[in-house]
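Student: Could we walk through this one together? I'd like to start with the charged side chains and then move on to the sheets and the rings.

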Amino acid sequence: VGPNAGYAASSTTFYHYKGTINTPKTLFALDIETGQFKYETADLPGDGDQEWPITIGSDGTIYMKRDGGKLYAFGDTGSELRIKWEYTPTATEMSGYFGSAANGDIYVIDNDTVKLLNHNNGSILNKSNISLQGSFFSTISVDGEGKVYVNNNANKMFCFSPDLQTLIWELSVPNLTYCGPALAKDGIFIITGAG
């Protein structure tokens, strides 16, 4: 498991990856109060490493993308992690940094296009009509009004309407590489060029 393959937590459960470079990867759950192991998924196909983080949508759906593999959406039933759906990227590889809409739908970047996937079944609800080019390490943030902020990892920041049909603005940010935006409660938007 690589250093960027982070963890996620709900109010009751801590989620992380299990596996090494030459062993299968699984997603597991621990009780957040006691640290006791709860359950884990079956092996998840993909490359030998695991470098993408885990995202929990606003509806509680757990999203994780396997290197060289699929995007998975899991529901935690309290007794198991159950796959709700799988999404196969159209690109050879897709970024594993996602953004969640207020209703739990998920924004992803696939083939240099921002897509909005239905949180119930993984179907594509909408997609941006512009290419982000160079978006492999892109990050996505969603503000309280639903606006979608995307870093294309190539010195550009984009702001889309919630349905991705309108590009609200585009901003050049020198040396913008891995840093996604920080959004404050009062609407302040902070972005740094990482160099």
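**Charges, strands and rings**

Tutor: A good place to begin is R82, which counts as partly exposed because its relative accessibility is 48%. Please keep in mind throughout that this is a predicted model.

Student: Which side chain does R82 meet in a salt bridge?

Tutor: The partner of R82 is E80, and the salt bridge between the two side chains spans 2.3 Å from N to O. E80 counts as partly exposed too, with a relative accessibility of 31%.

Student: And how many salt bridges are there in the whole structure?

Tutor: A search of the whole structure turns up eight salt bridges. One of them joins the side chains of D59 and K84, with 3.9 Å from N to O. D59 sits in the loop between β5 (54–56) and β6 (62–65) while K84 belongs to strand β8 (residues 81–87), so this pair ties together parts of the chain that are 25 residues apart in sequence.

Student: What relative accessibility does D59 have, and what about K84?

Tutor: D59 is at 33% relative accessibility, so it counts as partly exposed. For K84 the relative accessibility is 33%, and K84 therefore counts as partly exposed.

Student: K84 makes me think of D105; what is the distance from D105 to K84?

Tutor: K84 is 8.6 Å away from D105, and it is the nearest side chain of opposite charge. D105 is buried and has no salt bridge, since a salt bridge here requires a side-chain nitrogen of Lys or Arg within 4 Å of a carboxyl oxygen.

Student: Where is D105 found, and what is it in contact with?

Tutor: D105 lies in the loop that runs between β9 (99–100) and β10 (106–110). If we set aside its neighbours within four places in sequence, the residues in contact with D105 are G99, S100, L116, L117, N118, H119 and L125.

Student: Back to the bridges: which residues are linked in a network?

Tutor: The salt-bridge network links D143, E145 and K147.

Student: And which side chain does K156 meet?

Tutor: The side chain of K156 meets that of E170 in a salt bridge of 2.9 Å, N to O. This pair links distant parts of the chain, since K156 is in strand β15 and E170 is in strand β16, 14 residues apart. With a relative accessible area of 26%, K156 is partly exposed, and E170 counts as partly exposed as well, at 43% relative accessibility.

Student: How many bridges hold β15 and β16 together?

Tutor: Strand β15 (residues 156–160) pairs with β16 over five bridges, in the antiparallel sense. Within that pairing, F160 has L167 of β16 as its bridge partner.

Student: What order do the strands of that sheet follow?

Tutor: The order is β13-β14-β15-β16, an open sheet of four strands with antiparallel pairing. Its edge strands are β13 (139–142) and β16, each of which pairs on one side only. From one strand to the next, the twist averages 15°.

Student: Changing topic, how many aromatic pairs are there?

Tutor: With ring centres required to lie within 6.5 Å, the count comes to nine aromatic pairs. One of these is W169 with F189, an edge-to-face pair at 5.6 Å centre to centre with 85° between the planes. W169 belongs to strand β16 (residues 167–172) and F189 to strand β18 (residues 189–190), so the pair ties together parts that are 20 residues apart in sequence.

Student: Which residues make up the cluster with W169?

Tutor: The cluster consists of Y149, W169 and F189, linked by ring pairs. W169 counts as partly exposed at 30% relative accessibility, and F189 counts as partly exposed at 23%.

Student: One last topic: what order does the sheet that includes β1 have?

Tutor: That one is an open sheet of four strands in the order β1-β2-β3-β4, and its pairing is antiparallel. β1 (8–9) and β4 stand at the edges with a single partner strand each, so one side of each is left without a neighbour in the sheet.

Student: How many bridges join β3 to β4, and which residue in their hairpin takes a positive phi?

Tutor: Three bridges join β3 (residues 26–31) to β4 (residues 37–40), and the two strands run antiparallel. A29 stands opposite Y39 in β4. The hairpin has five residues between the strands, and G35 takes a positive phi near 80°.

Key: Residues are numbered from 1 along each chain as its sequence is written. This is a predicted model: local features need pLDDT of at least 70, side-chain atom pairs count only at pLDDT 80 or more; totals for chains, interfaces and linings use all residues. Side-chain values use heavy atoms; hydrogens and water are left out. Two strands pair if DSSP finds at least two bridges between them. Rings of Phe, Tyr and Trp (its six-membered ring) pair if their centres lie within 6.5 Å; planes under 30 degrees apart count as stacked, over 60 as edge-to-face and the rest as tilted. Buried means under 20% relative accessible area, exposed over 50%, partly exposed in between (1.4 Å probe, protein chains only). Axes are lines fitted to C-alpha atoms, for helices over the stretch in contact, and angles run from 0 to 180 degrees between N-to-C directions. Lys and Arg count as positive and Asp and Glu as negative; His and the chain ends are not counted. Contact means heavy atoms within 4.5 Å.
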